[in-house]
Amino acid sequence: MTKTFSVPRGTSDILPAHAHVWEKIERQARRLLNTYGYREIRTPIFEETELFARSMGQTSDIVQKQMLHLAAQGPKDSPPSQLSGLSLRPENTAAVVRAYIHNDLSRKESLTKLFYIGPMFRGERPQKGRLRQFHQIGVEAIGPGTLSPLLDAEVIALSVHVLESLGLKGFQLKINTLGSLEDKKHFTQLLHKGLKPYVPELCEDCRERFERNVLRTLDCKQKGCREIVQGLNVGHRYLSPESQKYFHQVTEALDSLGVQYEVSVKLVRGLDYYTHAVFEISDPSLGSQDALGAGGRYDNLVSQLGGPPVDAIGFALGMERIILALAQEEQTPPSVNVYIIGMDEPSLKKAFSLLNVLRREGISSDMSYRLTSLKNQMRWANKMGVRAVILIGEDELKRQCVTLKDMEKGSQEQISITGDDYQLLKDKLTQGS
Ligand code: HAM
């Protein structure tokens with residue numbers, strides 16, 4: 001028997017019945033992001049592995065466990081390792097920063113506002129809402145001297161605005177601050193010192209986090225670990241007065257925009273590049289993979305990757321999770337408006353020329369390209385949810401007309417067409433649209 005192939009684990013086919021949902025989300029997001037002054041950037045879907053390791057951090061879960069390396073390009077290439085070779089992008093902040101530096105964008109404008117929409121790849125264990133190929137809508141605002149609480153508030157508010165504009169309501173925004181690079185170091189030390197006596201009581205993951213990236217112990221979901229960490233009462237003790245003031249200004253600006261949020265001292269984010277504001281939007285209806293999106297400030301990343309010392313902030317929203325939250329999968333697609341049925345060979349030819357005239361007029365239409373029973377074709381037209389059916393048969397051809405069935409009203413009428421003049425019919429079909 002011939003082998004059949006299934007879609008690779010952790011990926012999915014977006015079939016025509018759902019593609020319109022994707023198209024609508026992308027269109028709406030693009031429109032909104034443009035109104036905030038963001039312009040689209042498209043970068044390759046793979047980059048040097050080292051770019052991701054240097055930006056997200058060698059110890060981050062993504063770099064340690066989830067990178068999808070590309071096979072070596074030829075016998076001379078060294079085999080892929082954690083640092084050599086190319087990898088599919090697990091996220092796009094690093095790639096956008098790489099493009100920002102490579103294309104010298106800092107010289108061209110003081111604040112570069114970029115957005116992207118596209119696939120990302122992580123070798124995770126797939127489950128509902130967690131895929132190996134998923135899609136993000138992301139923004140990055142990068143520029144020298146742009147560390148401003150107003151910009152932070154604008155970017156955070158924008159992430160909320162995008163979700164609201166797509167019709168989502170039940171989500172929650174959590175924000176926190178990691179402070180400056182110095183504060184973050186202080187935070188790490190405090191946590192390390194505080195947790196040391198409890199290491200044997202931590203879960204296996206947290207014992208590993210303690211060694212690799214102690215901040216990640218803060219968002220462990222295990223009850224035991226949560227209680228230990230809460231007991232340390234780290235709060236915002238690690239923040240300098242300047243960082244505290246800055247965070248206060250961010251929350252004030254969010255208040256002035258009417259954005260609802262909760263300050264969560266446990267929110268740290270798993271990527272190394274963040275400093276100051278970090279935020280996450282979750283939707284409890286999604287279950288364990290409940291983060292719709294997340295972001296934060298990353299003022300040191302551009303210089304770390306060899307660029308000028310510029311400030312930056314951004315976020316990314318997960319499209320699959322947005323769609324899950326919208327529960328739009330079951331919606332029927334908007335199909336074509338008009339379906340043409342030819343009832344014999346000569347009528348089929350007439351139907352074909354009419355179809356092409358209607359399409360050129362911008363009237364979305366389709367036809368049955370072969371002869372089958374009228375009953376079958378009407379059933380198909382009903383299933384597609386078309387607004388009108390045009391019937392052409394021997395009688396119609398003889399009388400130079402078509403039968404137009406209005407599927408919403410259930411009425412039908414004959415409309416005259418003389419030769420190739422379909423004007424009357426076109427007028428009828430565009431009435432009220
Ligand atoms: P992230 O938290 O890794 O951040 O991902 C952002 C969002 O992408 C998540 O909240 C989630 O909705 C979606 N996502 C992540 N992994 C998966 C997956 N395996 N399957 C389905 N959806 C997923 C970033 O990627 C940062 N680059 C965000 C950022 C931009 N920070 C600053 N600028």
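This is a chat between a trainee and a mentor about a predicted model.

Trainee: Okay, salt bridges to start. How many does the structure hold?
Mentor: There are 22 salt bridges in this predicted model.

Trainee: Give me an easy one. What do the side chains of Glu23 and Arg27 do?
Mentor: They meet in a salt bridge, with N to O at 3.2 Å. Both residues belong to helix α1, which covers residues 16-35. They sit four residues apart, and that's about one turn of the helix.

Trainee: And are those two buried or exposed?
Mentor: Partly exposed, in fact. Glu23 has a relative accessible area of 42%, and Arg27 comes in at 39%.

Trainee: Which residue does Glu154 form a salt bridge with?
Mentor: Lys113, and the closest N and O atoms are 3.3 Å apart. This pair links distant parts of the chain: Glu154 is in helix α6 (residues 149-165) and Lys113 is in strand β4 (residues 112-121), 41 residues apart.

Trainee: Is Lys113 buried or exposed?
Mentor: Lys113 counts as buried because its relative accessibility is 16%, and the cut-off for buried is under 20%. Its partner Glu154 is partly exposed at 25%.

Trainee: Got another helix-and-strand pair? Where do Glu413 and Lys428 lie?
Mentor: Those two form a salt bridge, with the closest N and O atoms 3.4 Å apart. Glu413 lies in strand β15 (residues 411-416) and Lys428 in helix α16 (residues 423-430), so their contact ties together parts that are 15 residues apart in sequence. Glu413 is partly exposed at 35%, and Lys428 is partly exposed too, at 32%.

Trainee: Which residues are linked in a network of salt bridges?
Mentor: Asp61, Glu208, Arg212 and Arg216 are linked that way.

Trainee: You mentioned β15, so let's switch to sheets. What is the order of the five strands in the open sheet?
Mentor: The order is β12-β11-β13-β14-β15, and the pairing is mixed. The edge strands are β12 (365-367) and β15, each of which pairs on one side only. From one strand to the next, the twist averages 25 degrees.

Trainee: What holds strands together in a sheet, generally?
Mentor: Strands of a sheet pair through backbone hydrogen bonds, and they can be parallel or antiparallel.

Trainee: So how many bridges join β13 to β14 here?
Mentor: Four, and those strands run antiparallel. Strand β13 spans residues 388-392 and β14 spans residues 401-406. Ile390 stands opposite Leu404 in β14.

Trainee: Which strands does helix α13 touch?
Mentor: Helix α13 (residues 345-360) packs on the sheet and touches β11 (338-342), β12, β13 and β14. Its direction makes about 165 degrees with that of β12. There's also helix α14 (residues 374-384), which lies across β11, β13 and β14 and runs at about 175 degrees to β11.

Trainee: Backbone oddities next. What is phi of His276 near?
Mentor: Near 50 degrees, which is a positive value in a residue other than glycine. His276 is in strand β8 (residues 275-282), and it counts as buried at 9% relative accessibility.

Trainee: And where is Gln400 found?
Mentor: In the loop between α15 (394-399) and β14. Gln400 also has a positive phi, about 50 degrees, although it is not a glycine. It is partly exposed, with a relative accessible area of 39%.

Trainee: What about Ser55, is it buried or exposed?
Mentor: Ser55 is buried, with a relative accessible area of 1%. It's in helix α2 (residues 49-56). A polar atom of the Ser55 side chain lies 2.8 Å from the backbone oxygen of Leu51.

Trainee: Leaving aside neighbours within four places in sequence, what is Ser55 in contact with?
Mentor: Its contacts are Ala94, Asp272, Tyr273, Leu301 and Leu305.

Trainee: Last topic, the ligand. How many residues surround it?
Mentor: 26 residues do, and the closest are Glu91, Glu124, Glu140, Tyr274 and Ala291.

Trainee: Which atom of Gln136 lies 3.0 Å from the ligand?
Mentor: A polar side-chain atom, and what it faces is an oxygen atom of the ligand. Backbone atoms come into it as well. A polar backbone atom of Leu292 is 3.1 Å from an oxygen atom of the ligand, while one of Phe315 is 3.3 Å from a nitrogen atom of the ligand.

Definitions and conventions
Residues are numbered from 1 along each chain as its sequence is written. This is a predicted model: local features need pLDDT of at least 70, side-chain atom pairs count only at pLDDT 80 or more; totals for chains, interfaces and linings use all residues. Side-chain values use heavy atoms; hydrogens and water are left out. A salt bridge is a side-chain nitrogen of Lys or Arg within 4 Å of a carboxyl oxygen of Asp or Glu. Helices (H or I, at least four residues) and strands (E, at least two) are DSSP runs, numbered from the N terminus. Buried means under 20% relative accessible area, exposed over 50%, partly exposed in between (1.4 Å probe, protein chains only). Two strands pair if DSSP finds at least two bridges between them. Axes are lines fitted to C-alpha atoms, for helices over the stretch in contact, and angles run from 0 to 180 degrees between N-to-C directions. Contact means heavy atoms within 4.5 Å. A polar contact is a pair of N or O atoms within 3.5 Å; within protein, one must be able to donate a hydrogen and the other to accept it, and residues adjacent in sequence count only if both atoms are side-chain atoms. A residue is near a molecule or strand if one of its heavy atoms lies within 4 Å of it.
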